[in-house]
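Q: Hi! Could you walk me through this one? I'd like to start with the interface and then look at some side chains.

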Amino acid sequence: MSTRRDRLRTFAAIVVLGFGVAAPVVAQSPTPAPQPWDTFFDDTVVHEIRLAINSKDWQSLQIHYLDNTYYPSDFRWRDQVVRNVGIRSRGTGSRSGVKPGLRVDFNRYVTDQVFLGLKSFILRNQTQDASNMHERLSMLLFRRLGLPASREAHTKLYINNNYEGLYTIVESVDKTFLQETFDENDGYLYKYDYPSDAQPYYFEDRGSNPDTYVPLPFKPETHETDPRPEFIVQLVQAINQTGDAAFRMVMAEYLDLKKFVQHVAVENFVADNDGFLSDWGGMNNFYFYRFQNKKLFTFIAWDKSEAFKGGYEYSIFHNITNGPNASKNRLMTRALSYPDLYSAYLDALLDCARSAAEQATGVTDGPGWLEREVQREYEQIRDAARSDPQKLFTNDEFEQAVSALGAFARHRGDFVTAAVSAARAQR
Amino acid sequence: MIASLLVVMLASEGVTTVGAVHAVGAALQQDPPAQATSGKKQKKKAKKLAADAPSPDEIDDPDSDGPPDIGGPGFGVVWKQHPSIRFGDAFRLDFEARLQEDAHGSYRGAPGLNCPNQVLPTTCLFQLHRNRVGVKGNFFKKIDYEVERELTEQELSDKDILLGYTPKSQWKDVNVNIKYMKKAQIQVGKFKVPFGLDELTSVSHNDFVYRSLGANYINPGRDIGGMVHGSYFKHGLTYAAGVFRHDGGNARSKKVQGGDQTVAARITAAPFRRVGLAGNIDVGTALTVSSLSDDPYLPNGLRGRTILTQDTFFQPVYVKGHRKRWEADVDWTAGPASARAEYTWVADGRVQQGLGDENLPDARARSWYVAGTWILTGERKRRPLRADGEFLQGGFGAVEVVGRYERLWFDSAGGTEVGTPSRTPRAANILPSGDRALTLGVNWALNRWIKLQFNGIREHVEDSQRNPISGGGAFWSQVTRLQLVL
């Protein structure tokens with residue numbers, strides 16, 4: 001489910017960049033009102049965030065980085081100061097005591113306190129990404145294709161006036177995000193939380209006991225005291241128990257399957273092996289939102305640190321057709337068994353390729369959007385990344401990772417387009 | 001199980017004697033020493049009981065007196081108040097059990113009413129609140145000992161301990177009391193830090209289902225240490241002073257380590273005993289000083305929670321330096337009536353606890369309560385409540401109405417001069433947060449072993465944003481407790 005704003009943006013981009021002549025029309029189209037937090041996610045600059053925190057708290061946070069304990073802090077961005085915010089270590093595989101990923105909560109200690117309308121945001125530490133760009137590039141592509149995803153920008157983080165490294169500001173998936181994205185926020189939001197020691201899960205039927213789904217792996221993020229897990233049970237049973245004849249009709253109540261395959265296609269295009277079709281745990285890294293007063297769910301992308309690592313030759317059917325049946329995702333397998341959804345999946349991959357290859361205005365034979373974006377971000381963050389005192393990668397590894405991203409951007413579209421053609425020919 | 005216990009207790013109404021062991025009647029053993037007044041025989045008995053005076057952690061606790069040993073050689077088994085093994089004057093071993101089972105209710109979703117070990121929050125009507133067993137006794141009447149263990153405490157998992165959570169001991173009172181010098185007895189082991197009238201009243205003797213907020217959350221409770229204590233003027237003046245490893249279990253929780261080495265002293269007096277005022281008035285005061293470390297990475301300050309529902313209305317703040325406590329109390333009894341009042345003040349140092357490592361003003365916690373009781377069936381007030389005529393034994397038991405009004409609140413010294421009030425654990429000016437509670441109840445002591453307590457509790461958390469009720473209003477909780485004491 002995309003925002004009206006994103007749909008408009010996508011439409012405008014297609015019109016402007018595809019046909020070139022429609023700019024005056026787009027300019028006259030109604031544009032969404034600017035949000036107060038737009039400047040905070042302005043990705044044309046590297047921001048600077050300063051946190052003042054008791055020195056012992058910062059040490060404690062680093063030592064106990066596996067713990068979710070909040071620490072009080074004063075937050076400064078540009079000339080704006082927010083006092084008494086709460087920060088804590090966050091992340092799963094990216095957790096680090098050297099360079100902690102942080103969640104910043106403005107309303108942790110002061111109820112209803114917000115910053116530019118935001119209740120919280122994430123400072124991603126990029127400890128799994130030498131390029132520092134996987135996350136931001138992926139989310140941009142999701143948004144370009146009209147799929148819900150967080151906005152992101154890079155920032156230099158200072159703790160007690162000491163530079164602690166290059167981070168990515170990530171928009172929290174919370175009620176503010178839901179309101180902006182879906183024009184409502186009173187539905188039921190879950191974060192898919194895959195415990196590292198849990199059995200892999202592929203949306204198979206675990207029975208009718210709601211406890212096997214909520215609070216893990218579907219962790220309630222809203223309505224925590226009354227998370228209504230029965231709708232997830234119904235969805236899972238619909239996936240697993242509905243006959244072929246009724247499947248589409250029954251599932252339409254729970255999921256927009258075309259949007260779903262589009263979500264998976266974008267993850268596949270960016271070669272994310274830790275998304276909905278994860279190499280680890282079966283499924284991973286998404287939020288799941290059930291609209292208010294409906295049974296309808298939608299996926300929201302999350303954490304694309306592992307994207308691009310599979311290289312530009314990452315199979316478009318990775319974890320779809322390969323592997324044993326027991327480890328194939330039940331929902332994806334059933335969805336792609338329908339020719340129109342199979343075709344929609346391939347179309348979505350081609351959309352990704354087209355978006356990645358999109359030329360700059362007035363240019364016909366230059367680098368595509370993705371390659372330009374890699375270069376733009378690299379130039380933005382290069383100095384901050386190289387001088388990052390807590391980075392977990394060497395500067396050479398950073399440069400090599402950026403080069404690999406450039407190669408990915410140049411070749412991924414062609415590879416995917418060829419693979420889609422081959423898939424269609426075989427069908 | 002409860003029915004079986006009842007049968008066993010009723011069957012044990014008599015005394016089983018093996019060998020040369022004797023026991024005196026229940027009426028005598030329940031008389032506090034100060035009440036024995038006239039006649040040589042009674043004076044002699046009073047003197048005898050005074051020698052067996054309650055330790056400071058069980059003020060006015062007739063249970064702990066037990067039947068006086070008449071002495072004599074030989075081994076015997078007695079069951080009067082407790083099953084007891086004795087070997088003349090050389091050795092005594094009493095077996096004790098205290099079981100408290102609750103049925104409770106409050107507003108929907110109250111965290112304190114949740115069933116244990118449930119994936120999703122589920123309210124439980126019944127709770128096994130306390131199930132304690134123990135032994136106590138003495139050697140040669142000069143060395144008392146006591147061991148008590150709680151059977152219902154949940155142990156922490158390895159993961160909890162790795163996360164820095166503090167284990168709560170299942171061992172309660174584990175100590176010896178050496179009383180070669182009556183006026184300077186020495187107690188060593190784990191027992192209650194001598195602080196707080198309500199806290200020092202045995203949980204099975206309390207007038208209410210739950211102790212006061214101040215006793216529960218800012219009084220020390222039990223700890224390991226050593227103490228010298230004694231009394232003068234037939235308990236007209238008592239004192240206790242000791243050193244403890246920490247500052248008691250009440251200041252600790254799963255996440256809070258609490259204070260470190262603690263010195264404590266308490267003194268009580270009955271100043272009007274000879275003046276002839278109505279009833280007995282005891283006044284007491286106590287203080288403790290503890291060192292406070294910021295070594296734990298979690299805030300180490302005191303925490304405020306509601307009584308039954310366990311809503312946290314004040315989260316611990318970061319502290320370092322010293323924790324100073326002071327309390328004053330008064331305890332009045334006259335015939336079937338009694339009244340108690342207590343005020344407690346705590347100040348926690350906050351050295352280098354600001355965001356910029358600067359010193360912050362002391363964090364404070366204060367509490368008070370006033371409580372009154374009246375025995376409708378006319379018995380003289382004592383703790384525990386005892387019936388002149390036991391239920392189904394020719395009487396109805398003792399019925400008592402009780403009431404208590406109290407407040408517990410937290411803030412910091414310095415006021416608004418040091419900054420805007422805030423709820424953060426490093427706020428220079430801590431936003432005040434408190435809880436006011438009114439408890440009304442009825443106690444029914446059926447016999448020496450069984451007591452039923454009915455309490456209705458109205459609470460109002462003062463900080464509307466920490467109030468569990470939307471709109472910031474008051475809420476009622478109800479609890480019925482069945483208590484069995486062996």
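A: Happy to; here are the conventions, then your questions in turn. This is a predicted model, in which local features need pLDDT of at least 70 and side-chain atom pairs count only at pLDDT 80 or more, while totals for chains, interfaces and linings use all residues. Residues are numbered from 1 along each chain as its sequence is written, chains are lettered from A and ligands numbered from 1 in the order in which they are written, and side-chain values use heavy atoms, with hydrogens and water left out.

Q: Great. How many residues do chain A and chain B each bring to the contact?
A: Chain A brings 23 residues and chain B brings 20 residues, where contact means heavy atoms within 4.5 Å.

Q: And how much area do chain A and chain B bury between them?
A: About 1,800 Å², with 55% of it on carbon and sulfur atoms. Buried area here is the accessible area (1.4 Å probe) that two parts lose on being put together, summed over both.

Q: Which three residues supply the most of the area that chain A buries?
A: Asn54(A), Lys56(A) and Tyr109(A), which supply 29% of what chain A buries against chain B, more than any other three residues.

Q: What about salt bridges across the interface of chain A and chain B?
A: The rule finds one, and it asks for a side-chain nitrogen of Lys or Arg within 4 Å of a carboxyl oxygen of Asp or Glu. The partners are Arg426(B) and Asp57(A), whose closest N and O atoms are 2.3 Å apart.

Q: Which elements of chain A touch chain B?
A: Among them, α3 (55-63) and β2 (71-77) each supply at least two residues to that side of chain A. Helices (H or I, at least four residues) and strands (E, at least two) are DSSP runs, numbered from the N terminus.

Q: Switching topic: where does Glu377(A) sit?
A: Glu377(A) is in helix α11 (residues 369-386) of chain A.

Q: Is Glu377(A) buried or exposed?
A: Buried, because its relative accessible area is 0%. The cut-offs are under 20% for buried, over 50% for exposed and partly exposed in between (1.4 Å probe, protein chains only).

Q: What is Glu377(A) in contact with?
A: Leaving aside neighbours within four places in sequence, Glu377(A) is in contact with Met133(A), Arg136(A), Leu137(A), Leu140(A) and His154(A).
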